[in-house]
Amino acid sequence: MCGIVGYVGQNNAVPVVIQGLQRLEYRGYDSCGIAMMNSEGLNLEKVTGKVMELQGLLAQKKNSTSLAIGHTRWATHGPPTFDNAHPHVSQDGKIALVHNGIIENYKVLRDELENDGYQFRSETDTEVIVGLISKCYHGNLEHAVREALSYVVGAYGLAIVHADEPEKIVCTRKGAPLILAMGENEYFVASDVAAILHYSKDVIYLDNEEIGVLTPEGIETYSVADEPVVKKIHKITFNLEEIEKGGYEHFMLKEIFSQPQTIYDAMRGRLLPEEGNAHLGGIEHMIGSILHADQRYFTACGTSWHAGLIGEMMFEQFARLPCEVEYASEFRYREPLVDAKSIVFAISQSGETADTLAAIQEAKNRDATVLGICNVVGSSIARETEAGVYVHAGPEIGVASTKAFTSQVTVLSLLTLKLARLMGMSESDGLEIADAMQRLPENVEWVLKQADQIAEIAKLYADASNFLYLGRGVNFPVALEGALKLKEISYIHAEGYPAAEMKHGPIALIDKSMPIVAIAPQDKTYDKILSNIEEVKARHGRVIALATRGDERIKDIADHVLYVPPALSFTAPILNVIPLQLLSYYVAVERGCNVDQPRNLAKSVTVE
Ligand code: AGP
């Protein structure tokens with residue numbers, strides 16, 4: 001959610017931290033700040049607004065230091081003001097701290113500290129940690145941090161410095177992401193690898209409550225019990241180009257256009273076209289447990305939850321295996337019927353979503369086997385699950401998820417194929433599905449060629465206040481996803497509905513100002529959807545139809561038709577969602593919205 005970057009080494013820390021914060025702006029972006037250590041002690045600069053403004057301020061002052069910590073904030077407690085921006089500094093001015101997460105018992109802690117005479121400057125939950133560390137400090141920062149955090153309930157990723165130990169950054173995390181990285185005689189801490197990729201690809205993932213101490217001499221790590229621990233160094237496999245725009249106007253557009261490749265990457269080495277089957281190395285040893293489980297659940301949030309809905313439909317239709325889909329935020333609190341004979345799949349792009357992590361913990365507490373379907377390698381969800389499959393979409397920077405969604409659905413399709421074959425799907429059906437999946441990248445290319453036409457349609461509808469998206473079967477979750485994309489980046493109210501449900505209520509909303517996006521492929525419900533479109537037209541609604549290439553009939557009733565190649569219901573959701581991603585993108589551009597960093601949203605929601 002918020003972004004953290006810290007540096008200690010031989011070079012000037014300021015440009016390193018500023019560049020890192022700029023790379024993290026997609027995570028949280030209402031204010032930012034930096035704490036720099038120099039011979040006189042701590043020097044602090046903060047602004048409300050973008051990192052570019054902080055950069056300008058620092059350039060005027062020509063700051064230089066070999067140790068600094070910085071932060072971009074996504075407000076939770078208190079509005080985006082100067083005082084609420086991080087870093088937060090202790091009352092004596094010696095400790096500075098940046099935090100990502102939420103402190104649940106901050107009110108009690110704040111009252112206690114205030115009773116002791118501590119004066120707070122901000123409305124944030126974070127400031128209580130500074131107060132506590134200050135109270136616990138007796139000459140060793142890491143010891144003070146450990147003691148202070150023993151009073152804290154909540155989630156945190158933290159980087160902390162003390163003016164009396166000017167060459168040290170102390171870092172720790174619990175339920176929020178934090179990585180450490182090493183370069184040549186320089187060391188980094190960040191909430192996301194994107195922040196430091198320019199300098200290092202050798203990273204350490206801290207486990208919950210472990211402490212990392214960064215000095216110019218290196219990184220030391222300590223366990224919860226304060227014992228030194230030797231941590232594995234992981235090599236990051238993606239490149240800087242993958243987190244840059246590469247000539248596209250926005251990351252979102254780049255990510256939409258990268259889908260032929262990312263879908264291919266999700267299938268590479270896994271789809272077995274000659275056998276009409278699939279092989280998923282990471283969970284191959286769990287396939288028996290998935291087949292024989294008493295209950296199967298998908299749990300996730302937002303777009304990943306939509307992927308779960310598609311997974312459920314595919315599991316049931318093709319593998320004939322019942323399963324349930326749960327919002328992760330609800331799963332935790334509704335006493336789910338989960339036990340040792342249950343399999344729970346957690347789906348997440350970031351692998352850091354707090355609600356999904358909490359659902360995983362709930363499932364584990366009930367002895368279920370939890371498997372992950374994740375994009376970010378080494379993320380908390382990847383590490384908290386027993387086994388899993390990476391979707392290999394590469395870094396997704398645009399806040400609105402696009403390529404990660406189609407990669408999640410690709411992986412779920414592969415898993416369904418594998419299970420379906422074991423449950424009796426014939427070889428010829430398996431071969432037909434595998435062939436359709438293999439042709440997905442070229443078919444996605446074909447869909448993307450309609451971007452200009454979609455941009456023209458977007459111009460006509462950019463002033464709408466409401467949209468309704470209709471779809472049936474596997475295209476109902478696609479309708480939900482299309483509506484979510486539009487809401488997120490253009491701020492137009494949009495709803496997804498099963499097409500036939502329209503007449504049970506939403507039809508009341510339809511008039512000439514209401515655009516309807518109707519997903520109407522030539523499948524078994526085609527005639528029914530045409531009737532739904534007729535119902536809309538009879539009430540003067542305007543219809544953008546998504547239809548199968550070659551369908552001339554639909555042209556007579558819809559106002560606009562977007563075509564996709566003919567598809568099996570196995571591959572239809574992936575092809576159908578792409579025009580909807582493009583439609584929301586172009587509507588948002590037309591409305592002048594900040595596509596990659598929509599208001600109020602953050603890329604990974606690390607608070608519950
Ligand atoms: C997607 O466009 C959203 N920004 C959001 O709904 C997202 O899918 C959700 O927060 C879950 O994130 P995750 O996949 O990283 O767990």
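Modeller: Two strands count as paired if DSSP finds at least two bridges between them, and I will apply that rule to this predicted model.

Biologist: What makes strand 5 and strand 6 a pair?

Modeller: Two bridges join strand 5 to strand 6, residues 95-103, and the rule asks for at least two, so the two strands pair. Within this antiparallel arrangement, Val89 has Ala96 of strand 6 as its bridge partner.

Biologist: Why is strand 5 called an edge strand?

Modeller: The open sheet contains six strands in the order 5-6-7-8-12-13, with antiparallel pairing. Strand 5 (88-89) and strand 13 (218-222) each pair on one side only, and these are the edge strands.

Biologist: What makes helix 4 a helix that packs on the sheet?

Modeller: Contact requires heavy atoms within 4.5 Å, and helix 4, residues 127-136, touches strand 5, strand 6 and strand 7 (154-162), its direction making about 130° with that of strand 6. Helix 5 (residues 141-149), for its part, lies across strand 7, strand 8 (165-174), strand 12 (211-215) and strand 13, running at about 30° to strand 8.

Biologist: How do you know where the largest pocket lies with respect to domain 1 and domain 2?

Modeller: Domain 1 (2-236) and domain 2 (243-438) both contribute lining residues, so the largest pocket lies between them. The space in this pocket is about 840 Å³, and Phe238, Val376, Val377, Gly394 and Pro395 are the nearest to its centre among 42 lining residues.

Biologist: What is the division of that lining into nonpolar, polar and charged residues?

Modeller: The lining of the largest pocket has 16 nonpolar, 13 polar and 13 charged residues, and helix 7 gives the largest share of it, three residues.

Conventions:
Residues numbered from 1 in each chain as written. Predicted model: local features only at pLDDT ≥ 70, side-chain atom pairs only at ≥ 80, totals over all residues. Heavy atoms only, no water. 1 Å grid on protein atoms, 1.4 Å probe; cavity = no way out; pocket = protein on both sides within 12 Å on 5 of 7 lines; lining within 4 Å. Points joined across faces, edges and corners; volume = space filled by probe spheres on them. Helix = DSSP H or I, 4+ residues; strand = E, 2+ residues; numbered from the N terminus. Nonpolar A, V, L, I, M, F, W, Y, C, P; charged D, E, K, R; others polar. Domains from an automatic or database assignment. Axes fitted to C-alpha atoms, helices over the stretch in contact; angles between N-to-C directions.
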